[in-house]
Amino acid sequence: MASKLFRPGYFAGKVNIVTGGGSGIGLGIAEGLVELGSKVVIASRNPERIEEATQLLSAKCQDGGEVLGLQCNIRSRDSVKQMISDTLDHFGRLDGLVNNGGGQFHSPAENISPNGFHAVVETNLYGTYHCMMEAFEQHMKENGGKIVNIVTINRMGMAGMAHSGAARAGVKNLSMSLGAEWAKYGIVINNVAPGTIHSDTAQANYGPLGELLFDGAVQTIPMGRLGSTTDDLAPSVIFMLSEGAKYTTGQTLDVCGGQSLHNNYRQGLVLLEEFLKKQQS
């Protein structure tokens, strides 16, 4: 879809990093970018996913597009530092960073262990912070750039995923704070907040609960359907990396079919409680 909305080769010569780019939402964003001529780094912890995604994306490259897969654990500042350094060594520049890497799990708050809470916050909030700071320090402070953080539609909280709601709210505020601080360097920072975007990988991540959650979510979406990574979400992220968003910073764009207008998290919690009762019976 993105290749139909932008002129061919729009991102030719540009370099963009997509964390969590080996699957799901990140892979869809990377696909749209390489089809528009971007050189793309997909960063992931899983080397097998990197290899598979690199092969898939290489076949879709157009107008000078190129794919580089790098293993990276965004929870480690040293790992992120190396990933950014390797990107600059290989391509010599960094124009955009999409902080998509993250993760969470459904659970009532009373069942989340301290380690579980910490892991989700460390991945989603600290991981995004590490990537933003290394991109800034190693390249963007002197050269400008665009940063897009993938968050969630959590303006009414996230019952059933309190750890993720807290972390993503932190990312939103971090984007506003650094968006103001770094504007003088020619850096723009924005968030894209997906609603329920379906991919086989996303559904599998929630195990047996996945099908119930995705089917149930349709009831909370005014447009009456789940979102698509390539057709619905990726084009919005790519717009935020384009010159069309050069005067926009510290903002959050909900891409959710109107789901953020519905207090859907109560419905999500009801589905979770029903699932847990079935597991126990």
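# A tour from strand 4 to the salt bridges

Select strand 4, helix 5 (residues 114-143) and strand 5: together these elements make a right-handed β-α-β unit. The model on screen is predicted.

**Stop 1: strand 4.** Now narrow the selection to residues 96-99, which form strand 4. Which way do the residues of strand 4 point? Gly-96 and Val-98 point one way, while Leu-97 and Asn-99 point the other way. All of these residues are buried.

**Stop 2: the strands paired with strand 4.** Add strand 1 (residues 15-19), which pairs with strand 4 in the parallel sense over 3 bridges. To find one of the contacts, pick Ile-17, whose bridge partner in strand 4 is Leu-97. Next add strand 5 (residues 145-150). How many bridges join strand 4 to strand 5? There are 4 bridges, and the two strands run parallel. Leu-97 has Ile-147 as its bridge partner in strand 5. Leu-97 is thus a residue to keep selected while viewing both pairings, with Ile-17 as a partner and Ile-147 as a partner in strand 5.

**Stop 3: Arg-77 and helix 5.** The structure holds 9 salt bridges; the remaining stops visit some of them. Select Arg-77 and Glu-134, whose side chains meet in a salt bridge at 2.6 Å, N to O. Glu-134 lies in helix 5 and Arg-77 in helix 4 (residues 77-91), so the pair ties together parts that are 57 residues apart in sequence. Is Glu-134 buried or exposed? Glu-134 has a relative accessible area of 2%, so it counts as buried, the cut-off being under 20%. Arg-77 is partly exposed, at 24% relative accessibility.

Keep Arg-77 selected and add Glu-137: their side chains also meet in a salt bridge, at 3.7 Å, N to O. Because Glu-137 is in helix 5 and Arg-77 in helix 4, this pair ties together parts 60 residues apart in sequence. Glu-137 counts as partly exposed, at 49% relative accessibility. Show the three side chains together: salt bridges with shared partners join Arg-77, Glu-134 and Glu-137 into one network.

**Stop 4: Lys-60 and Glu-31.** Finally, select Lys-60 and Glu-31, where the side chains meet in a salt bridge at 3.7 Å, N to O. The pair links distant parts of the chain, 29 residues apart: Lys-60 is in the loop between helix 3 (47-58) and strand 3 (66-71), and Glu-31 is in helix 2 (residues 24-35). Lys-60 is partly exposed at 28% relative accessibility, whereas Glu-31, at 17%, counts as buried.

Technical notes:
Residues numbered from 1 in each chain as written. Predicted model: local features only at pLDDT ≥ 70, side-chain atom pairs only at ≥ 80, totals over all residues. Heavy atoms only, no water. Buried < 20%, exposed > 50% of the residue type's maximum accessible area, 1.4 Å probe, protein only. Pairing = 2+ DSSP bridges. Right-handed = clockwise from strand over helix to strand, strands pointing away. Salt bridge = Lys/Arg side-chain N within 4 Å of Asp/Glu carboxyl O.
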